[in-house]
Amino acid sequence: MCYKVVERYSVCKCVYFQHSIDPCSAYGQRGHSVQEKTVLVGYACSRHSARGASSSPTAGRGPDSGYSSSKGSYR
Ligand SMILES: [Zn+2]
Ligand SMILES: [Zn+2]
């Protein structure tokens, strides 16, 4: 099986770098597929790492105070 190493950003899964195919002896035959090997790089690309891009309005909700602390039934 041929391998092609594709480096992707681990955050946004964009392609960082595509290596050339490492062919095996059956390369180019019918029905032969190239196995893609994904290598994650530990950051986002310049498009998705831009600050301020994801400014979602957070609802000002307080934490729910419905925490019931039930102690275990001891005998
Ligand atoms: Zn192959
Ligand atoms: Zn990206």
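**A friendly note on the aromatic cluster, the sheet and two zinc sites**

1. A good place to start is a trio of tyrosines: Tyr9, Tyr16 and Tyr43 form one aromatic cluster. Please keep in mind while you look around that this is a predicted model. Searching the whole structure gives three aromatic pairs. One of them joins Tyr9 and Tyr43, edge-to-face, with 5.5 Å from centre to centre and 65 degrees between the planes. Tyr9 belongs to strand S1 while Tyr43 sits in the segment after S3, so this pair ties together parts of the chain that are 34 residues apart in sequence.

2. How exposed are these rings? Tyr9 is buried, because its relative accessible area of 11% is under 20%. Tyr43, in contrast, is partly exposed at 43% relative accessibility. Tyr43 also pairs with Tyr16: the ring centres are 6.4 Å apart and the planes stand at 75 degrees, so this contact too counts as edge-to-face. Here again distant parts of the chain are linked, since Tyr16 is in strand S2 and Tyr43 in the segment after S3, 27 residues apart. Tyr16 itself is partly exposed, with 39% relative accessibility.

3. Now for the sheet that carries two of those tyrosines. Three strands make up an open sheet in the order S2-S1-S3, and the pairing is mixed. Which strands stand at the edges? They are S2 (15–18) and S3 (34–41); each has a single partner strand, so one side of each is left without a neighbour in the sheet. On average, and ignoring direction, neighbouring strands of this sheet are turned by 30 degrees against each other.

4. The mixed pairing is easy to follow strand by strand. S1 (residues 2–9) and S3 run parallel and are joined by eight bridges. Tyr3 has Gln35 as its bridge partner in S3, and Tyr9, the buried member of the aromatic cluster, has Val41 as its partner in S3. S1 and S2, on the other hand, run antiparallel, with three bridges between them. Among the residues to look for here is Arg8, whose bridge partner in S2 is Val15.

5. While you are at Tyr3, have a look at its ring. Lys37 lies over the face of Tyr3, and the distance to the ring centre is 5.4 Å.

6. The turn from S1 to S2 deserves a moment. This hairpin has five residues between its strands, and Lys13 takes a positive phi near 65 degrees in it. Why is that worth pointing out? Most residues other than glycine have a negative phi. Lys13 is found in the loop between S1 and S2 and counts as partly exposed, at 46% relative accessibility.

7. The loop that holds Lys13 also contributes to a metal site. Which atoms coordinate the zinc ion (ligand 2)? They are Cys12 (SG), Cys14 (SG), Cys45 (SG) and His48 (ND1), at 1.8 to 2.4 Å. Along the chain, these donors follow the spacing C-x1-C-x30-C-x2-H. Two of the donors link distant parts of the chain: Cys14 is in the loop between S1 and S2, and Cys45 is in the segment after S3, 31 residues apart. Cys14 is partly exposed, with a relative accessible area of 24%, whereas Cys45 is buried at 8%. The angles among the four donor atoms are 101 to 120 degrees, and the site is tetrahedral.

8. The other zinc site starts at Cys2. For the zinc ion (ligand 1), coordination comes from Cys2 (N), Cys2 (SG), Cys24 (SG) and His32 (NE2), at 2.1 to 2.4 Å, so do notice that Cys2 appears with two atoms. The spacing of the donors along the chain is C-x21-C-x7-H. Cys24 is partly exposed at 26% relative accessibility, and so is His32 at 24%.

9. Why is the site of the zinc ion (ligand 1) called irregular? The angles among its four donor atoms are 79 to 122 degrees, and a tetrahedral site needs all angles to lie between 85 and 135 degrees. The lower end of the range for the zinc ion (ligand 1) is 79 degrees, so the tetrahedral condition is not met. For the zinc ion (ligand 2), the angles of 101 to 120 degrees go with a tetrahedral site.

Key:
Residues numbered from 1 in each chain as written. Chains lettered and ligands numbered in written order. Predicted model: local features only at pLDDT ≥ 70, side-chain atom pairs only at ≥ 80, totals over all residues. Heavy atoms only, no water. Donors = N, O, S within 2.8 Å, 3.2 Å for Na, K, Ca; no water. Tetrahedral: all angles 85-135°; square planar, octahedral: opposite > 155°, others 65-115°. Buried < 20%, exposed > 50% of the residue type's maximum accessible area, 1.4 Å probe, protein only. Pairing = 2+ DSSP bridges. Helix = DSSP H or I, 4+ residues; strand = E, 2+ residues; numbered from the N terminus. Axes fitted to C-alpha atoms, helices over the stretch in contact; angles between N-to-C directions. Phe/Tyr/Trp six-rings, centres within 6.5 Å; stacked < 30°, edge-to-face > 60°. Lys NZ or Arg CZ within 6 Å of the ring centre and 35° of its normal.
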